[in-house]
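Colleague: Could you take me through the cavities of this model, slowly and residue by residue? I would also like to hear about the helix packing and any unusual backbone spots once we are done there.

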Amino acid sequence: LRNVAIVGAGMIPFGELFGTGIKEMLPGAVAEALASVDKGMERAEIEAAWFGELTTTDGFPSGVLADSCGLLDIPVTRVENACATGNDALRNAVYAVGGGYFDVALVVGADKTRESSPGATFWDWMGLTRDMAWDYPLGLIAPANFALHVARYMHEYGITNEQMAMVAVKNHANAVNNPKAHLRFPITLEKVMAAPRVVDPFGVLDCCPQSDGAAALLVTSTEVARRYTDHPVWVRGVGLGVDRVMHAHKADMTTFPATTRAAGRAYAMAGIGPADIDVAEVHDCFTGVELMNYEDLGFCDRGEGGRLIESGATQLSGRLPVNPSGGLKAKGHPPGATGIAQCVELFDQLRGKAVNQVDGAHWGLAHNIGGPTAVGAVTILEADGA
Amino acid sequence: MESSFGALATYRPCWTDASGGLAAGPDEDVVTMAVAVARAVLNGDPVRHVALVSRQSIPAVGRAAIASALNLSETAVVETVAGGAVSLVDALLASEPGSLVIGVEVGPQPSAAAVITRGGTGVSAAGHAEHGLPAGGSGGRHDDPRFIRERAWRPLLEALDRDRKAVAITGIPPRAIRELADDRRLVESPDLDGAPAPLFAAAAMLAADVTGKLVALEGGSGAAFELRELGWPVTRLQRHETVQLPAPPSVAAEIAISLSAYERAFEAKVGLKAARCDCGELSLPPRSHCLKCGRQNATRLVAIPHAGEVYSVVTVRVPLPGLSVPYSIAIVSIDETPLRLLSPVTDARAGSVAIGRRGELVLRRLATREGIPDYGYAFQPTEAVAS
């Protein structure tokens with residue numbers, strides 16, 4: 001097996017892109033990624049592509065990517081794995097390049113959630129994630145899906161609404177500097193806690209937006225990486241984990257076993273542990289979920305997520321900055337693009353070029369949890385050089 | 001004709017409409033109200049025949065839903081009768097011992113009542129009368145309350161009163177009952193009409209220790225029975241706290257259904273039954289592959305307890321097409337089993353139920369999907385004991 005490098009990364013600004021279709025978003029992200037390659041890369045050098053998209057927009061996804069980006073001569077595979085789609089698309093490309101089948105591969109993630117009204121999108125997603133007879137008609141929309149976990153988590157560990165609100169305040173503050181972020185405004189604890197309720201215990205400012213967006217990575221084998229850059233970022237660990245699909249079957253809802261399984265695999269592959277991570281982009285679709293992620297990823301002990309955010313450790317100035325891009329909460333959440341965009345941020349962080357640069361960041365971690373909280377993905381990246 | 005009461009139960013919903021009157025809940029219909037009241041009179045004795053009497057139309061899946069929810073044997077018959085109070089009295093007097101007779105009214109005076117009949121002479125027929133008047137109270141230009149009262153109900157009552165005056169008049173609107181009663185003393189009974197009314201009146205007679213004649217009127221027909229024995233158990237299902245009916249969904253939307261998925265799930269979902277593997281492992285929804293021992297298709301459906309406790313609960317407040325908000329949805333740990341069920345919270349104000357609350361899983365119409373009622377179990381919190 002060979003090591004795999006990321007040599008280029010790009011994304012279009014996330015937002016409600018009503019005026020831009022998927023066939024324009026995809027070439028936008030691919031062009032940004034190609035333009036970011038230090039020594040240049042021609043489109044024709046790409047040998048294969050993986051395309052992560054949660055919901056089909058404007059028809060057959062693999063074909064839409066190839067057709068819109070001028071990539072008809074290479075194989076294209078669509079990956080769909082709920083909100084873990086982006087990091088899973090990267091994982092599959094890493095296996096193909098690491099296994100020696102290709103030297104240069106493109107990984108694209110995109111989704112167009114605002115092609116329909118927010119309420120209609122919730123029903124569409126329930127159709128993707130719920131048992132048709134038992135759960136679908138009950139209205140377990142995406143925020144309720146996570147709120148059932150967070151409500152129990154708060155109950156068992158005494159997590160407060162204020163601790164959850166701190167996640168929103170932190171991630172919004174980080175997004176202000178990020179020109180690619182969907183929500184670039186600061187907020188206060190008071191505003192978060194007084195915001196209209198969506199699904200208790202979440203107010204609207206505890207929730208990530210429904211965004212449109214696309215992001216792309218160019219990955220290569222060790223053998224050809226230096227042809228493209230002197231500063232590659234190395235993919236050291238990839239992990240995917242799953243869990244029971246019905247909430248009634250999740251024995252302990254204060255944790256996401258899909259995350260712990262994914263993280264265990266990724267840490268083992270990278271040969272490092274949580275204490276080694278310098279910067280992380282984690283799945284903060286709802287504020288309380290970021291606190292649970294701290295625990296599932298090993299950044300703190302069980303039940304300590306509230307105290308970790310209070311300590312300031314996960315702020316930009318802290319010992320382990322989390323979501324310097326603004327996270328899903330403020331950068332935005334087009335599910336297929338989300339995991340890829342996390343790696344775009346880490347690519348910049350590990351090359352010292354991020355807008356909210358974490359000094360000396362060497363190890364980065366990207367994480368998704370999604371679907372009926374039944375799939376998690378973790379990617380661990382390392383900067384070049386010791 | 002003679003019969004005897006075994007046990008009797010009455011049910012009234014806890015919801016209120018804009019005028020403050022009791023109303024059927026948004027998740028209640030003739031089937032769910034029939035099941036609610038029937039469960040209160042069943043004590044494990046085998047039931048061979050169920051007669052469900054209602055003026056409302058009963059959904060096509062209604063009989064199957066009742067058979068599943070009451071866990072009836074395969075040979076039991078569920079019969080539906082379109083009719084009101086007279087039809088109910090007829091069904092009661094004609095029933096064999098061990099029959100379950102249920103009356104349901106979903107309309108403006110929603111209520112349900114059920115009785116298990118036994119052999120004996122506790123209740124005996126006391127007359128039947130027909131009048132040639134095609135009065136049906138169907139509304140519109142033929143709906144003339146004084147005409148119907150004077151030319152149908154008064155002559156019917158006089159005919160049925162012949163030997164002995166009734167102490168209960170039931171089945172017709174409460175106002176007409178008061179007008180026909182003149183100065184006679186009637187047993188005090190809730191203002192109800194329709195099929196359940198005679199059983200509510202019988203329950204009132206039992207509560208007041210009053211024997212005597214009960215008259216049921218319905219359109220151009222009348223029937224009477226004599227309650228001759230007292231002392232049968234009566235269960236009264238009515239919650240102390242009322243709950244305002246939610247506004248209908250702000251945006252109407254069809255909730256999709258797969259008939260195949262609906263049919264596969266029906267027996268377990270409507271009957272609240274888990275699969276028990278030969279190794280003892282329970283699964284809900286039923287699994288064909290046992291996760292404990294690995295056997296395939298070695299399971300059978302078993303009824304599980306309805307009591308449970310909230311493991312987690314959230315309240316959805318954001319508008320959603322096709323659903324009334326706010327609504328609470330819970331994960332309920334089912335007593336005596338390792339099982340949990342995702343259930344909407346019912347018969348309580350949204351947001352009023354917390355983790356740890358105890359309650360019952362009750363059959364409700366969880367949704368109407370492309371016109372088909374989707375029955376399943378909602379969580380009804382136990383009420384604090386009234387002080």
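Modeller: Happy to; here is a walk through the cavities, followed by the helix contacts and the backbone.

Please keep in mind that this is a predicted model. Let us begin with the count: the structure holds two cavities of 30 Å³ or more. The largest cavity contains about 120 Å³ of space, and the second largest about 70 Å³.

Which residues lie nearest the centre of the largest cavity? They are W134(A), D135(A), K269(B), L341(B) and L342(B), out of 16 residues that line the largest cavity. If you want to find the wall by secondary structure, look in chain B for α7 (259-271), β18 (340-344) and β20 (372-381), each of which supplies at least two residues of this lining. The largest share comes from β18(B), with three residues. In terms of chemistry, the lining of the largest cavity has twelve nonpolar residues, one polar residue and three charged residues.

Now move to the second largest cavity. From chain A, its lining includes M132(A) and A133(A). From chain B, you will find S258(B), A261(B), Y262(B), A265(B), F266(B), K269(B), V270(B), R369(B) and D374(B) in the lining. Helix α7(B) gives the most here, with six residues. By class, the lining of the second largest cavity divides into seven nonpolar, one polar and three charged residues. Keep an eye on K269(B): this residue is among those nearest the centre of the largest cavity, and K269(B) also lines the second largest one.

Next come the helix contacts. Two packed helices are described by the angle between their axes and the distance between the axes. In chain A, helix α6 (residues 161-176) and helix α10 (residues 287-296) pack at an angle of about 95 degrees, with their axes 7 Å apart. That angle makes α6(A) roughly perpendicular to α10(A). On the α6(A) side you can pick out Q163(A), M164(A), V167(A), A168(A), K170(A) and N171(A), which meet T287(A), G288(A), E290(A), L291(A) and Y294(A) in α10(A). Sorted by class, this contact has five nonpolar, four polar and two charged residues.

In chain B, helix α4 (residues 145-160) packs with helix α5 (residues 174-181) at an angle of about 60 degrees, and their axes are 11 Å apart. Because of that angle, α4(B) counts as oblique to α5(B). The contact is made by R149(B), W153(B), R154(B) and L157(B) from α4(B), together with A176(B), E179(B) and L180(B) from α5(B). Four nonpolar and three charged residues take part in the contact of α4(B) with α5(B), with no polar ones. The crossing of these two helices, α4(B) and α5(B), is right-handed.

Last, the backbone. Most residues other than glycine have a negative phi, and most peptide bonds are trans. In chain B, the peptide bond from L284(B) to P285(B) is cis, with omega near -10 degrees. P285(B) sits in the loop between β14 (282-283) and β15 (299-303) of chain B. Another cis peptide bond joins V325(B) and P326(B), with omega about -5 degrees, and P326(B) is in the loop between β16 (307-316) and β17 (327-334) of chain B. Over in chain A, D58(A) has a positive phi, near 60 degrees, although this residue is not glycine. You can find D58(A) in the loop between β2 (48-52) and α2 (61-69) of chain A.

How values were computed
Residues numbered from 1 in each chain as written. Chains lettered and ligands numbered in written order. Predicted model: local features only at pLDDT ≥ 70, side-chain atom pairs only at ≥ 80, totals over all residues. Heavy atoms only, no water. Axes fitted to C-alpha atoms, helices over the stretch in contact; angles between N-to-C directions. Helix = DSSP H or I, 4+ residues; strand = E, 2+ residues; numbered from the N terminus. Parallel < 35°, antiparallel > 145°, perpendicular 65-115°, else oblique. Left-handed = near helix turned anticlockwise from the far one by under 90°. Contact = heavy atoms within 4.5 Å. Nonpolar A, V, L, I, M, F, W, Y, C, P; charged D, E, K, R; others polar. 1 Å grid on protein atoms, 1.4 Å probe; cavity = no way out; pocket = protein on both sides within 12 Å on 5 of 7 lines; lining within 4 Å. Points joined across faces, edges and corners; volume = space filled by probe spheres on them.
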